[in-house]
Amino acid sequence: MTNVTRRAFFKTFFSAGAALAVSGGVSQPRQAEAAIKGEIIGVCLYVPSLGKASDFVELMNTNAGGDWTVHPLTGSLTDRYFKTKDLYEGARGTANTFVGAVDPGSFAVVHEAIVNSGGSFHYITYEERNRVTFSAQL
């Protein structure tokens, strides 16, 4: 009985650690700075096969008017990593908003590309089982 209890404890402990790792860990709270509507220069990533990603893109264009460039993430996970890394690094200094709607597998790659580029996130939302939306700091 003790072994079952220990396994349950460690399973819970490691699950919580994995969740913190994916969400960027515990960080200091900071004031989010939103761009004024119409003054947004944004980059939006999405996975074309994700049904509701186009809804997210439409929502961004409607509710956060500005100058948006929209980039579909296609190809292998390696292709998605390098595309995200290039777009994120290119957006620094030229854009003020970097968001996306992707599946969890693609998000793991997007997360690593942004973090490896020295970036962090404003928010990460697991909206559904197969959809993650995020906003990265520039």
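Here is a short note on one helix pair and one group of aromatic rings in this model.

1. A word on the basis: this is a predicted model, where local features need pLDDT of at least 70, side-chain atom pairs count only at pLDDT 80 or more, and totals for chains, interfaces and linings use all residues. Residues are numbered from 1 along each chain as its sequence is written, and side-chain values use heavy atoms, leaving out hydrogens and water.

2. Let's start with the helices. H3 (residues 77-91) packs with H4 (residues 104-116) at an angle of about 40°, their axes 8 Å apart. That makes H3 oblique to H4 (neither under 35 degrees, nor over 145, nor 65 to 115). The crossing of the two is right-handed (the near helix is turned clockwise from the far one by less than a right angle).

3. Which residues of H3 and H4 make the contact (heavy atoms within 4.5 Å)? From H3 they include Tyr 81 and Tyr 88, and from H4 Val 109 and Ile 114 are among them. By class, this contact has seven nonpolar, four polar and three charged residues.

4. Now the rings: the count comes to six aromatic pairs (ring centres within 6.5 Å). Phe 107 and Tyr 126 form one that is edge-to-face (planes over 60 degrees apart), at 6.4 Å centre to centre and 80° between the planes. Phe 107 lies in helix H4 and Tyr 126 in strand E4 (residues 121-128), so the pair ties together parts 19 residues apart in sequence.

5. Are the two partners buried or exposed? Phe 107 is buried (under 20% relative accessible area) at 2%, while Tyr 126 is partly exposed (between 20% and 50%) at 46%. Both belong to one aromatic cluster with Phe 121 and Phe 134.

Definitions and conventions. Axes are lines fitted to C-alpha atoms, for helices over the stretch in contact, and angles run from 0 to 180 degrees between N-to-C directions. Helices (H or I, at least four residues) and strands (E, at least two) are DSSP runs, numbered from the N terminus. Contact means heavy atoms within 4.5 Å. Ala, Val, Leu, Ile, Met, Phe, Trp, Tyr, Cys and Pro count as nonpolar, Asp, Glu, Lys and Arg as charged, and the others, Gly among them, as polar. Rings of Phe, Tyr and Trp (its six-membered ring) pair if their centres lie within 6.5 Å; planes under 30 degrees apart count as stacked, over 60 as edge-to-face and the rest as tilted. Buried means under 20% relative accessible area, exposed over 50%, partly exposed in between (1.4 Å probe, protein chains only).
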